[in-house]
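This report describes selected features of one protein model, from its sheet to its backbone, aromatic contacts and a pocket. The sequence and structure follow.

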Amino acid sequence: MMILDTALEKRAAAGRPVRVGLVGAGFMGRAIAQQFLTPLPGLRLVAIAARRAADGQRAWLEAGAQEPLVTDQAGELEQAIAQGRPAVVEDPRMLCEAEAIDVLVEVTGHVEQSAQTVLHAIQFGKHVVLMNAELDATIGPILKVYAERAGVVLTNTDGDEPGVAMNLFRFVKCIGLKPVMAGNIKGFYDPRRNPDTQRGFAEQTKQNVNMVTSFADGTKLSMETTIVANATGLRAGRRGMFGHRCAHVKDVLRHFTPEQLLEQGLVDFVLGAEPGSGAFVVGYGDQPGKAHYLNYFKMGAGPLYVFYTPFHLPHLEVAITVGRAALFQDAAVTPLGAPVCDVVTIAKRPLRSGEILDGIGGFTCYGMIDNAETAARENLLPMGLSGGCRLRRDILQDQPLTYADVDLPPNRLCDQLREEQTAYFAQLERKTSRLVGAAQ
């Protein structure tokens with residue numbers, strides 16, 4: 001942070017701010033626009049892509065900007081950016097292709113449309129910041145491969161739970177402890193929740209009802225912890241995790257032994273625990289001398305120590321992620337390689353043959369984290385690909401859905417990338433195995 005703010009101040013003094021394009025003008029997109037117009041030294045929001053131009057205009061005007069230019073012409077977009085005039089487009093590919101944009105922030109929560117946008121941005125040499133757990137948990141590993149080939153950064157954002165957990169994870173490593181668990185502090189969890197039960201809360205908070213439903217039914221939780229698993233190598237202790245109810249996040253230590261966590265590092269969550277929000281990491285250290293000092297500084301007797309952040313502020317911290325990517329090529333949260341965990345599709349109610357699944361935050365299904373090898377072995381349908389699938393047979397409530405249970409919608413890029421992800425890492429594993437065998 002201290003290095004980053006100095007670097008951004010130097011960019012501001014040189015008149016070369018990092019130029020940002022924002023895709024999405026919903027609840028979080030508007031909050032991000034307001035944050036970027038604070039203003040922030042060394043960073044400049046230059047254009048917004050929204051499916052409806054009016055939503056993009058609203059985001060700019062609520063943030064206090066002048067009336068934006070609405071255009072579908074690349075030349076007009078570049079000219080507006082050069083002149084310092086806010087711009088709105090409906091086609092996000094225009095932001096991907098604009099020479100005057102350095103970093104793309106994707107905040108739509110979609111999978112298929114976002115896959116198209118992110119891949120296009122990478123192909124045009126843009127760093128990409130995702131506030132899109134749905135996309136990242138589904139095909140983040142293969143998008144990371146594309147980003148590495150293009151020499152750009154693909155990262156989830158600081159401030160959202162995966163970013164909070166990952167920053168703690170890196171901190172714990174830096175102070176000489178071994179991170180053995182990471183996860184969310186979750187206030188509420190009920191997989192039966194649906195858009196009807198959540199509509200009132202969505203209207204009260206002015207959010208999309210499907211997004212709010214995905215928070216309540218645990219799908220978003222599973223996607224966020226999958227992102228952390230894929231970035232750290234930690235795994236799920238079981239499908240859906242344990243999710244122990246705790247009075248305080250520190251009480252998580254009552255439910256796990258050092259031997260259990262050392263044998264298999266875990267992603268998990270605590271339910272109903274103070275401080276009520278944020279993320280946590282458990283670190284392990286068995287050196288008596290260090291233990292004495294950690295105990296003195298109120299961290300407990302060890303050898304397990306809980307570190308937590310009692311808040312998550314994604315719309316405020318996304319600017320940090322932009323700066324890290326553009327100036328230091330440093331990702332806040334990005335896959336290590338092959339998927340470690342996945343989010344599988346579970347029937348929210350009894351389903352009938354011929355029904356079409358309504359996807360994330362809907363009436364038909366919810367998502368649960370599982371280890372990637374289990375999901376692959378059982379041929380389970382990823383939750384991020386479930387929307388629009390037609391059922392081939394009846395499904396019982398709480399039954400996991402497999403690829404064999406559904407017909408996928410035709411010609412989706414997200415399905416193609418998912419197949420490529422599976423094939424790419426399977427081939428990489430075979431190659432690694434051959435090299436290890438030859439070395440032995």
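Two strands are said to pair if DSSP finds at least two bridges between them. Helices (H or I, at least four residues) and strands (E, at least two) are DSSP runs, numbered from the N terminus. The model is predicted: local features need pLDDT of at least 70 and side-chain atom pairs count only at pLDDT 80 or more, while totals for chains, interfaces and linings use all residues. Residues are numbered from 1 along each chain as its sequence is written, and side-chain values use heavy atoms, with hydrogens and water left out.

**The parallel sheet**

Strands of a sheet pair through backbone hydrogen bonds, either parallel or antiparallel. Here, seven strands form an open sheet with parallel pairing, in the order 3-4-2-1-5-6-7. Its edges are strand 3 (69-70) and strand 7 (154-156), each of which pairs on one side only. Strand 7 is joined to strand 6 (residues 127-130) in the parallel sense over three bridges. Within this pairing, Leu130 has Asn156 of strand 7 as its bridge partner.

**Backbone geometry in loops**

Two peptide bonds that precede proline are cis, and two residues other than glycine have a positive phi; the table lists them with their places.

| Site | Backbone value | Place |
|---|---|---|
| Thr38 to Pro39 | cis, omega near 5° | Pro39: loop between helix 2 (27-36) and strand 2 (43-49) |
| Glu274 to Pro275 | cis, omega about 15° | Pro275: loop between strand 11 (266-271) and strand 12 (279-284) |
| Lys206 | phi near 60° | loop between helix 9 (195-205) and helix 10 (209-216) |
| Met241 | phi near 70° | loop between strand 9 (235-236) and strand 10 (244-245) |

Is Lys206 buried or exposed? Buried means under 20% relative accessible area, exposed over 50% and partly exposed in between, with a 1.4 Å probe and protein chains only. Lys206 has a relative accessibility of 65% and therefore counts as exposed. Met241, at a relative accessible area of 3%, is buried.

**Aromatic and charged contacts**

A pair of aromatic rings is described by the distance of the centres and the angle of the planes. Rings of Phe, Tyr and Trp (its six-membered ring) pair if their centres lie within 6.5 Å; planes under 30 degrees apart count as stacked, over 60 as edge-to-face and the rest as tilted. By this rule the model holds five aromatic pairs. One of them joins Tyr189 and Phe269, which is edge-to-face because the ring centres are 5.9 Å apart and the planes stand at 80°. This pair links distant parts of the chain, 80 residues apart: Tyr189 lies in the loop between strand 8 (178-186) and helix 9, and Phe269 in strand 11. Tyr189 is partly exposed, with a relative accessible area of 27%, whereas Phe269 is buried at 4%.

Tyr424 and Phe425 also form an edge-to-face pair, with 4.9 Å from centre to centre and 90° between the planes. Tyr424 counts as partly exposed at 27% relative accessibility, and Phe425 is buried with a relative accessible area of 10%.

A charge sits over a ring if NZ of Lys or CZ of Arg is within 6 Å of the ring centre and within 35 degrees of the ring normal. The charged end of Arg149 is placed in this way over the ring of Tyr146, 5.5 Å from its centre.

**The second largest pocket**

Rolling a probe the size of a water molecule over the atoms shows where empty space is left. On a 1 Å grid over the protein atoms alone, a cavity is a set of points where a 1.4 Å probe fits but cannot get out, and a pocket is an open set with protein on both sides within 12 Å along at least five of seven lines; lining residues have an atom within 4 Å of a point. Grid points are joined across faces, edges and corners, and a volume is the space filled by probe spheres set on the points.

The second largest pocket holds about 560 Å³ of space. It is lined by 23 residues, of which Pro339, Ala372, Glu373, Ala376 and Thr422 are the closest to its centre. Helix 7 (133-150), strand 14 (341-347), helix 15 (372-377) and helix 16 (413-439) are the elements that give two or more residues to this lining. Helix 16 contributes the most, with six residues.
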